[in-house]
Amino acid sequence: MTHQEIIGLLPYKKPFLFVDELLEVTEDGSKGSFTFDRNLDFYRGHFKENPVTPGVILTECCAQIGLVCLGIYLMRKEELEKSNILIGMSSSEMEFLKPVFPGERVTVVSKKIYFRFQKLKCEVQMYNAKKELVCKGTVSGMLKIEVDG
Amino acid sequence: MQEKEKYQKLKDIIQVYLPSDVSVDNIQPSSNFISELNINSANLVDIILDVEDAFDIRLENEDMNQMQTVADALQIIDSKLNG
């Protein structure tokens with residue numbers, strides 16, 4: 001499966017797609033990047049007059065690149081179609097070390113801890129353009145393929 | 001390992017994943033993990049992985065499908081230990 005095919009199978013779209021490019025995917029992990037558009041709506045309120053990317057959005061970005069892209073690759077069923085991949089984030093534990101401002105490009109690196117019984121658990125790290133660690137943690141989710149709707 | 005000891009070991013594992021509105025006393029052999037103990041599928045996977053470590057066994061997808069109640073889990077553990 002190509003990186004572009006994996007992105008095409010993601011069940012998100014703007015304004016809630018937080019993957020621009022998938023740089024690497026293997027059995028053991030994934031790596032991808034995203035640039036936070038200055039015009040994203042949440043910057044109008046987080047915070048007043050002082051836009052900073054919310055931690056939940058950083059977590060979501062880590063999960064989309066590190067968990068969902070990797071999960072789609074690991075499921076690697078030829079009949080995978082957008083409509084029948086069921087995904088739910090089941091837990092996350094994150095530490096936020098540096099702020100991410102509007103317009104910044106981040107890179108997420110994820111390492112698989114396990115993928116068993118349809119549960120994928122990964123260790124994720126996000127870096128800014130200066131290669132500084134901005135957040136890290138673990139995310140887990142359930143990934144299922146719904147057969148025949 | 002005695003049956004009682006296995007049951008206690010399993011209960012200790014389950015206890016960690018119980019939601020706050022379910023008490024340890026609710027764990028009975030007949031308890032259904034999902035409908036009675038309110039354990040979600042993600043935590044059920046954690047229970048299975050902890051069971052594998054605690055009993056030094058390996059479970060497969062079909063074992064998980066069969067594992068509806070605490071008694072089912074004990075039976076699967078037994079069959080793996082004797083298998």
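**Exercise 1. Establish how strand S6 of chain A is paired, and with which partners.**

*Solution.* S5(A) and S6(A) are paired in the antiparallel sense through 9 bridges. Here strands (E, at least two residues) and helices (H or I, at least four) are DSSP runs numbered from the N terminus, and two strands pair if DSSP finds at least two bridges between them. The model is a predicted one, in which local features need pLDDT of at least 70, side-chain atom pairs count only at pLDDT 80 or more, and totals for chains, interfaces and linings use all residues. Residues are numbered from 1 along each chain as its sequence is written, while chains are lettered from A and ligands numbered from 1 in the order in which they are written.

Step 1. Individual bridges between S5(A) and S6(A) can be named: Cys122(A) has Val139(A) as its bridge partner in S6(A), and Tyr127(A) stands opposite Leu133(A) in S6(A).

Step 2. The two strands form a hairpin with 5 residues between them. In that turn, Lys131(A) has a positive phi of about 65°.

Step 3. S6(A) is also joined to S3(A), by 11 bridges in an antiparallel arrangement. Within S6(A), Gly137(A) is the residue opposite Met94(A).

**Exercise 2. Extend the pairing from S5(A) to S4(A).**

*Solution.* Step 1. S4(A) and S5(A) pair over 9 bridges, in the antiparallel sense. Thr107(A) finds its bridge partner in S5(A) at Tyr127(A).

Step 2. Tyr127(A) also stands opposite Leu133(A) in S6(A).

Step 3. The hairpin of S4(A) and S5(A) has 2 residues between the strands, and Phe117(A) takes a positive phi near 50° there.

Step 4. As background, the side chains of a regular strand alternate between the two faces of the sheet.

**Exercise 3. Describe the fold and dimensions of each chain.**

*Solution.* Step 1, chain A. Its 2 helices and 6 strands are arranged from the N terminus as α-β-β-α-β-β-β-β. The radius of gyration of chain A is 15 Å, close to the 15 Å given by the globule rule for 149 residues, so chain A is as compact as a globular protein of that length. This radius is taken over C-alpha atoms, and the rule is 2.2 Å times the number of residues to the power 0.38. Along the principal axes, the C-alpha atoms of chain A fill a box of roughly 50 × 25 × 25 Å.

Step 2, chain B. It has 4 helices and 0 strands, in the pattern α-α-α-α. Its radius of gyration is 12 Å, close to the 12 Å from the globule rule for 83 residues, so chain B is as compact as a globular protein of that length. The C-alpha trace of chain B spans about 35 × 25 × 20 Å along its principal axes.

Step 3, burial. A residue is buried if 20 or more other C-beta atoms lie within 10 Å of its own, exposed if 12 or fewer, and partly exposed in between, with C-beta atoms placed from the backbone. Buried residues make up 28% of the 149 in chain A and 22% of the 83 in chain B.

Step 4, contacts. Two residues are in contact if their C-beta atoms, placed from the backbone, lie within 7 Å. Among contacts with a separation of 6 or more, residues 24 or more positions apart account for 68% in chain A and for 53% in chain B.

**Exercise 4. Characterise helix H2 of chain B and the annotated serine.**

*Solution.* Step 1. The 15 residues of H2(B) (residues 41-55) should span 21 Å at 1.5 Å a residue, and the end C-alpha atoms are 21 Å apart, which agrees. The expected span is 1.5 Å times one less than the number of residues.

Step 2. The buried residues of H2(B) are Asn43(B), Leu44(B), Val45(B), Asp46(B), Ile47(B), Ile48(B) and Val51(B). They pack against S4 (105-116) and S5 (119-127) of chain A, together with H1 (3-17), H3 (61-66) and H4 (70-82) of chain B.

Step 3. After H2(B) comes Asp56(B), with a positive phi near 55°.

Step 4. An unreviewed UniProt entry lists Ser41(B) for "modified residue: O-(pantetheine 4'-phosphoryl)serine"; such annotations may be inferred rather than shown by experiment, and positions are given in the numbering used here with feature names shortened. Ser41(B) lies in helix H2 of chain B and is partly exposed, with 16 other C-beta atoms within 10 Å.
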